[in-house]
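Please take a moment to look over the sequence and the structure shown below. The paragraphs that follow lead from the way copies are related, through the fold of a chain, to the contacts within it and between chains.

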Amino acid sequence: MTLIQFLDYAGVAVFAATGALSASRKQLDIVGFAFLAGITGIGGGTLRDVILNVPVFWIGNHTYVLVCVAMAVLVFFTAHMVESRWRLLLWLDAIGLAAFAAMGTAKGLAITGSPVVAIITGMLTATFGGILRDVISGEPSVLLRPEVYVSAAGAGAVAYVLADWFLAAPGMAATIAFATGFIVRGGALWFGWRLSPYKTRPGRSPEEISQQSSRRD
Amino acid sequence: MTLIQFLDYAGVAVFAATGALSASRKQLDIVGFAFLAGITGIGGGTLRDVILNVPVFWIGNHTYVLVCVAMAVLVFFTAHMVESRWRLLLWLDAIGLAAFAAMGTAKGLAITGSPVVAIITGMLTATFGGILRDVISGEPSVLLRPEVYVSAAGAGAVAYVLADWFLAAPGMAATIAFATGFIVRGGALWFGWRLSPYKTRPGRSPEEISQQSSRRD
Amino acid sequence: MTLIQFLDYAGVAVFAATGALSASRKQLDIVGFAFLAGITGIGGGTLRDVILNVPVFWIGNHTYVLVCVAMAVLVFFTAHMVESRWRLLLWLDAIGLAAFAAMGTAKGLAITGSPVVAIITGMLTATFGGILRDVISGEPSVLLRPEVYVSAAGAGAVAYVLADWFLAAPGMAATIAFATGFIVRGGALWFGWRLSPYKTRPGRSPEEISQQSSRRD
């Protein structure tokens, strides 16, 4: 198994585990665990492949699906041992984010040859499984957290494109991209790194806005 | 019209009706009814076809769209006669879930030949229209309900694959799959059937977790 | 640049701006602005192209992506000058809705030749970017607002099909469709236009329903 294949399975496995942890927080049953694990583990790559118009990666290779089911079973029987499932979820999500930013960029670049498209497919692959997990399980999206998140996926994707440009060895480029993405997101979780946020004021609810002024103002 | 075609239209019709009922609970107008009916009725099958990379089923056959619009109009003018629109929604959703688990598995098996992929496309077809309906109309997802839901779709999908393996008559396999899915989900609604849920404790909100311990713990 | 191309870029730009405004209301950082701007700006057209099974429009032409990033930067540095970002978001969304209803219908008609499919792709293109924006940023969907929204997209789409039928000049048909969509949605925002909503009663929560009656009623 090459390093790139390993990163691919590792990304699916850890994202599947975050889906299963989210299922445990909602007290779903074992099939609910497997479903949410599967959606989270293969959702980002499915979107990537559909956008790139190539066969969806798990259709020709059942290992991905088995990995998701195995992680769901593992989490179902062990999650109670974890002190904070939410914090574990965030750290596994960081590993998955970094692995999928590398994989999604590699595949986008291999198929389209365009660094711009590759960075976008990298960021989408890295974030979309988590978005689906949070939307379906009714949690606030990880994207809305104050510390760096999408930026970490972007950093990993950009690192892949640069490394590929200068070094041309996919395994090395993927390693650099994974390390970059994980260091940025891990630093965000550990030290609370954040980019300067937009700061004047948070949004008001639509009701507040219409109370304050007539509809035509 | 074969039994399989009938199941297909019936699934679209009842899911469309659940979308329209959800629209009635949000007091949308008639176009909102039709839109939500359409998304719910054809959303699951659209995802299935996109993943399988075959032409989306309603593009070549307008009947599906007309069925959704007709159900939206019907519900718009009759929903006030129903004592509990929520309960009706759940029962229609159960019929649609069973029909689409059968259909989605049949199509996945016909196109890929893989039982594993077929079970996944069956489960996705059966659940995705309802997920879209709940997300767009801001309801908590049916997947999070305590009684059996995804498992019913899974039971129907597995029943199809087994019946196809032993009997090889698609109409018979679809009937068995539909019956299995509907009995499991209907039993869940009527008797409150549930699989043993994950039980140690529900998830805390992210705020509670960070109050309780420092970021690095 | 033809009028149709202009409408296309304009739609992407204004939808991207609404995504960035939504990011400002959530106090995201600049990468979060760009991500949400991109999802909102190109999400509807991406769904349209995936359903029509044609290459996704922004893969072969990077200008769309650059437009989204540019709008994100512009909004990041100027949004504080706006008195009500929510109201600005709604008006830009109205322009995007009208432009994408025209574009989505034109592309659907060009590729399938079917007015029914074209009206659906027009409505999906016009609404899906906004749905993604609202779901990801945790706002209630614009579709649930009481004044006309989906109907405006539908009016624009129907106007395109009729204009194409009688006049056959795509530029003219697109202009008429854009004007129709914008007048309907703009009138809804300005005058509060609404179609007769479904009115007996809003939905109760599932808990209220089960408290009131036993499960089997």
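By what turn, and with what shift along the axis, can chain C be laid on chain A? In this predicted model, a turn of 120° with a shift of 0.0 Å along the axis lays chain C on chain A, and the RMSD is 0.0 Å. That is the relation of a three-fold axis. The copies nevertheless use different surfaces, since 6% of the contact residues of chain C recur in chain A.

Turning to chain A by itself, the reader will find 8 helices and 0 strands, so that the elements, followed from the N terminus on, run α-α-α-α-α-α-α-α. Chain A has a radius of gyration of 18 Å, which is close to the 17 Å given by the globule rule for 217 residues, and it is therefore as compact as a globular protein of that length. The C-alpha trace of chain A spans about 60 × 45 × 35 Å along its principal axes. Of the 217 residues in chain A, 58% are buried, and among the contacts of chain A with a separation of 6 or more, 73% are between residues 24 or more positions apart.

One place to look at in detail is the pairing of helix 4 and helix 7 of chain A, whose axes come within 8 Å and cross at roughly 145°, in a crossing that is right-handed. On the helix 4 side, the residues that meet helix 7 include Leu90(A), Trp91(A), Ile95(A) and Thr105(A), while helix 7 contributes, among others, Pro170(A), Phe178(A), Phe182(A) and Arg185(A). Sorted by class, this contact of helix 4 with helix 7 in chain A has 16 nonpolar, 3 polar and 1 charged residues.

From the inside of chain A, the view can now move to its neighbour. Here 31 residues of chain A are in contact with 31 residues of chain B. On the side of chain A that touches chain B, at least two residues each are supplied by helix 1 (3–25), helix 2 (30–52), helix 3 (63–78), helix 4 (85–112) and helix 5 (115–136), and helix 2 gives the most, with 6 residues. The residues on this side of chain A comprise 16 nonpolar, 10 polar and 5 charged ones. Helix 4 of chain A thus appears in both settings, meeting helix 7 of chain A and supplying at least two residues to the side that touches chain B.

Notes:
Residues are numbered from 1 along each chain as its sequence is written. Chains are lettered from A and ligands numbered from 1 in the order in which they are written. This is a predicted model: local features need pLDDT of at least 70, side-chain atom pairs count only at pLDDT 80 or more; totals for chains, interfaces and linings use all residues. Helices (H or I, at least four residues) and strands (E, at least two) are DSSP runs, numbered from the N terminus. The radius of gyration is taken over C-alpha atoms; the globule rule is 2.2 Å times the number of residues to the power 0.38. A residue is buried if 20 or more other C-beta atoms lie within 10 Å of its own, exposed if 12 or fewer, and partly exposed in between; C-beta atoms are placed from the backbone. Two residues are in contact if their C-beta atoms, placed from the backbone, lie within 7 Å. Ala, Val, Leu, Ile, Met, Phe, Trp, Tyr, Cys and Pro count as nonpolar, Asp, Glu, Lys and Arg as charged, and the others, Gly among them, as polar. Axes are lines fitted to C-alpha atoms, for helices over the stretch in contact, and angles run from 0 to 180 degrees between N-to-C directions. A crossing is left-handed if the near helix is turned anticlockwise from the far one by less than a right angle, and right-handed if clockwise. Copies are superposed by least squares on the C-alpha atoms of residues with pLDDT of at least 70 in both.
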